[in-house]
There are 2 protein chains.
Amino acid sequence: MRQAADIEIALRPRPEGVTLQRWLYDEIRTAILSGRLMPGSRLPATRDLALRLKISRGTVLAVYEQLGAEGYIRGATGKGSFVAPELPDLPPRSLVPGNAIAGPKSRDATDTPFESAAVNLSARGRKLSMTPFGVAGRSFPAQAFRTNQPDVTTFPIELWSRIAANRSRRLQPELFMDVDARGYEPLREAIAGHLRSSRGITCSAEQVMLVSSVQQIFDVSARLLLDPGEEVWVEDPGYPGAHQVFTAAGAKVVDIPVDSNGMDVAFARDRAPNARLAYVTAGRQAPMGSVLALDRRLALLNWAHRHDAIVIEDDYDSEYRYEGAPLSAMKSLDETGRVIYCGTFSKLLFPSLRISYAVLPDQLIAPFTSAISLTSRYAALMPQVTLHEFIAEGHFGRHVRRMRLLYAERAQAMRQAADIYMGGLLEIPEITMGLDTPAFLSGDRDDKNVARLAAQAGIESLPLSLYARTHPARPGLLLGFAAVGPAEIASGMRALARVLDA
Amino acid sequence: MRQAADIEIALRPRPEGVTLQRWLYDEIRTAILSGRLMPGSRLPATRDLALRLKISRGTVLAVYEQLGAEGYIRGATGKGSFVAPELPDLPPRSLVPGNAIAGPKSRDATDTPFESAAVNLSARGRKLSMTPFGVAGRSFPAQAFRTNQPDVTTFPIELWSRIAANRSRRLQPELFMDVDARGYEPLREAIAGHLRSSRGITCSAEQVMLVSSVQQIFDVSARLLLDPGEEVWVEDPGYPGAHQVFTAAGAKVVDIPVDSNGMDVAFARDRAPNARLAYVTAGRQAPMGSVLALDRRLALLNWAHRHDAIVIEDDYDSEYRYEGAPLSAMKSLDETGRVIYCGTFSKLLFPSLRISYAVLPDQLIAPFTSAISLTSRYAALMPQVTLHEFIAEGHFGRHVRRMRLLYAERAQAMRQAADIYMGGLLEIPEITMGLDTPAFLSGDRDDKNVARLAAQAGIESLPLSLYARTHPARPGLLLGFAAVGPAEIASGMRALARVLDA
């Protein structure tokens, strides 16, 4: 066995903000892993090393204790400490790129030194790694005509914060522990009550399941109900978030055309009668804005009942109706338990709240609850408790009524501005609901190109063709009117008109 | 066309708490859907109906407007309102059970009238609908020896609430909108800093991904990296949450035995060298408590590097080490980007907070972020903002240090109580880490039976055999010591001794 005297541990200088102990630990550990300290060789006695480094012996002892506990060195009383014999090598660092982010690599691609660090994604993983959502957050302030966003500047945060603080102070300790996977029971009660009055849905709190995003509902529904390759009806043009999550879950998406009465149910029944799932934005078709006609709603329910299929009704923003009461949800017609109704508070309050919910048919409560629990446990409790108080004290109803008036004004402002500046360049249908509207381009202009030019002029919009897959959409732009005020809407429309003129 | 005079709408009495308008709407709608009002028949004039019902004509007009907008009736000025012609029937309600919750039905089961409402789950759906987690929340107060739970009664909720309120009041509006799918950037920074000092992990905030549960990390990892049927190494005995979520994701779980040095990596390499994923509780094996030895950590990393595989390190509670500093995580050795490190605040703070995180290899950041965004968008923001403030102000470090002392006392109390009351009936190994410990039964008693008897005596415990699949576990109980005080621990041990004596 070699002597301690033979050993020279080359100690690099200590970096800023690193403790003596962490530094010494790192240095010796690195020396062992790199082979500079040979397996079996003896380490300096703690006293000697402490003297040499002019640090306390206690620090050295602590480092040796840690290295011993982690298996780098072995101590033999009296004999001192030795580097553990025969440790396997670490993989050579040189083989991998420093901090480069290698993109997804298809498994059959040939390996190159650089790609050796890129992970082979599974076939389904490559689908899963394509999201239609911006993953970097959204810019502030919003510009005309940002889609899919409420006006967050009007949210009563002072009030919300006070409620949150008062309520959480009174939180019973059991609410700090794991809670019901379906979410906070009083909030589920409140949602059931809200749906009864505002959406014509009769359901119990038992059927309400709280999640952090409707995407979770789509994903879990597809996995619970479909095996890979089984069919799901999806509107086309339609919401990319649904189409892509179903595809990533291995479902065979069947594109169903839409018209002024919503999804063409007869086409769907004809094309894929044995589908096990259907996704529909019945209240206001995304992005075309049409309402699913009553006869189609009934036909869809009949099909689902006869074929033992399930319908997902994504009711994303039709609570905002600007003339008369909101139209009843399709779920209000579901007497045979075929509809999973999805709602969200992202647009009624604010997106980063992350509280959405499903109303489940009785027979799906147990499997759905299990699936959510297995794949994500349950949604964060504190925001649910605050939201319940916010609803119970009547603030929710007031806020929604206030926003409805505000957005009605803005919808009108948009149509007026279009009348003033557009002169037939852009056709905006009557706006009766929601936070955005399709606006159709005259002639057959390439709406992707128009959206690009508009963006260069500082105008946010989404080309309708972005939502189309096998059934082309009439060329146009999806324009949001909720996130900005009438003045920005007017100037935005003027700027957009200039773009279209050019 | 029949005359209004012919029509008698039988109106049922108005239920408690239902508005006139909602009641009248429901009655006419039901009459139409049930066929009592024939397609094409004319409705009473609004004035006549208002007089007959002694309600305001405005109410009747609003109801007709709503029914018209929803397609139940058609109005022809001057001619009055008519029931829409030829509406499809609703599925017959009689076919389905009222509110009975039908369980999952296997698709090949024969239909019976009752089951006609039960949903056919997919093959994978049946796996997905089996969760190992209690879905109904946990009882309070906790009893000895509740596992897998910190002492929530000691959490400084007053302080937390104050911080939450003050911070959220100052929230910039952009944080109400959709945010970075990886979570709140300052919190990711704080976590990276915490991991550097307490777990020896060098990582950037870029690599930290916030989620609401580690189950999400397991599920998304399996789907991103494995196609159905591909292999994953899982410890056996091991954590059911991991085993079941991998199975539900279609992975072929390969059971790897564990011993006093943790997972048997040589066995695994031998049995399934081409697995694409490995799951390991390196810091403290769940449930057996052994630490993965250094040579096995290095061997595991070497295998992963050579076979282009990924290792999930589930570091669930090893931050609680009761002698010396916490041992470095296996991730601290990962120089080639092979380890997904999983941590959680559920046990450091409180479970219903729902903030967990992954530290991702660079090449997985993009695909992982996309997959989380597609399947659940991002975790609720407000709790993240509060947690960041809680950490930044030093409260987090103080709380963890306080808990570490508290739990060290309780671990000692448990061993002492075992020495006093057990007399060899139960063998509790030295407790150096974590919130629970395995306790081995003498002889070959059936630990499931013992756990059942203990439960009858008011003692919470989990049989070790519950964690075993193909490799039997030494008979014993998993006992938690963190959730209750020394007195309950002592009396609990006495009660458990009586159970074992019997």
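**Exercise 1. Start just after helix H2 of chain A and find which side of the helix is buried.**

Just after H2(A), Lys54(A) has a positive phi of about 55 degrees. Before we go on, note that this is a predicted model, where local features need pLDDT of at least 70, side-chain atom pairs count only at pLDDT 80 or more, and totals for chains, interfaces and linings use all residues. Residues are numbered from 1 along each chain as its sequence is written, chains are lettered from A and ligands numbered from 1 in the order in which they are written, and side-chain values use heavy atoms, with hydrogens and water left out.

Step 1. Helices (H or I, at least four residues) and strands (E, at least two) are DSSP runs, numbered from the N terminus. In H2(A), residues 46–53, the buried residues are Thr46(A), Leu49(A), Ala50(A) and Leu53(A). Buried means under 20% relative accessible area (1.4 Å probe, protein chains only).

Step 2. These residues span an arc of only 100 degrees around the axis, so they lie on the same side of H2(A). The arc is taken from the directions from the helix axis to the C-beta atoms.

Step 3. Their cover includes helix H1 (20–33) and helix H3 (57–69) of chain A.

**Exercise 2. Place Thr131(B) and list what surrounds this residue.**

Step 1. Look in the loop between helix H4 (123–128) and helix H5 (157–169) of chain B. Thr131(B) counts as buried because its relative accessibility is 18%.

Step 2. Leaving out residues up to four places away in sequence, Thr131(B) touches Ser370(A), Ser373(A), Leu374(A) and Gln244(B). Contact means heavy atoms within 4.5 Å.

Step 3. The side chains of Thr131(B) and Ser373(A) make a polar contact at 2.7 Å. Such a contact is a pair of N or O atoms within 3.5 Å; within protein, one must be able to donate a hydrogen and the other to accept it, and residues adjacent in sequence count only if both atoms are side-chain atoms. The Thr131(B) side chain also reaches the backbone nitrogen of Phe133(B) at 3.1 Å.

**Exercise 3. Work out the layout of the open sheet in chain B.**

Step 1. The 4 strands follow the order E11-E12-E14-E13, with antiparallel pairing. Strands pair if DSSP finds at least two bridges between them.

Step 2. Strand E11 (426–427) and strand E13 (462–463) of chain B each have a single partner strand, so one side of each lacks a neighbour in the sheet.

Step 3. E12 (residues 436–441) and E14 (residues 476–480) of chain B pair over 5 bridges, and Thr437(B) sits opposite Leu479(B) in E14(B).

Methods:
Buried means under 20% relative accessible area, exposed over 50%, partly exposed in between (1.4 Å probe, protein chains only).
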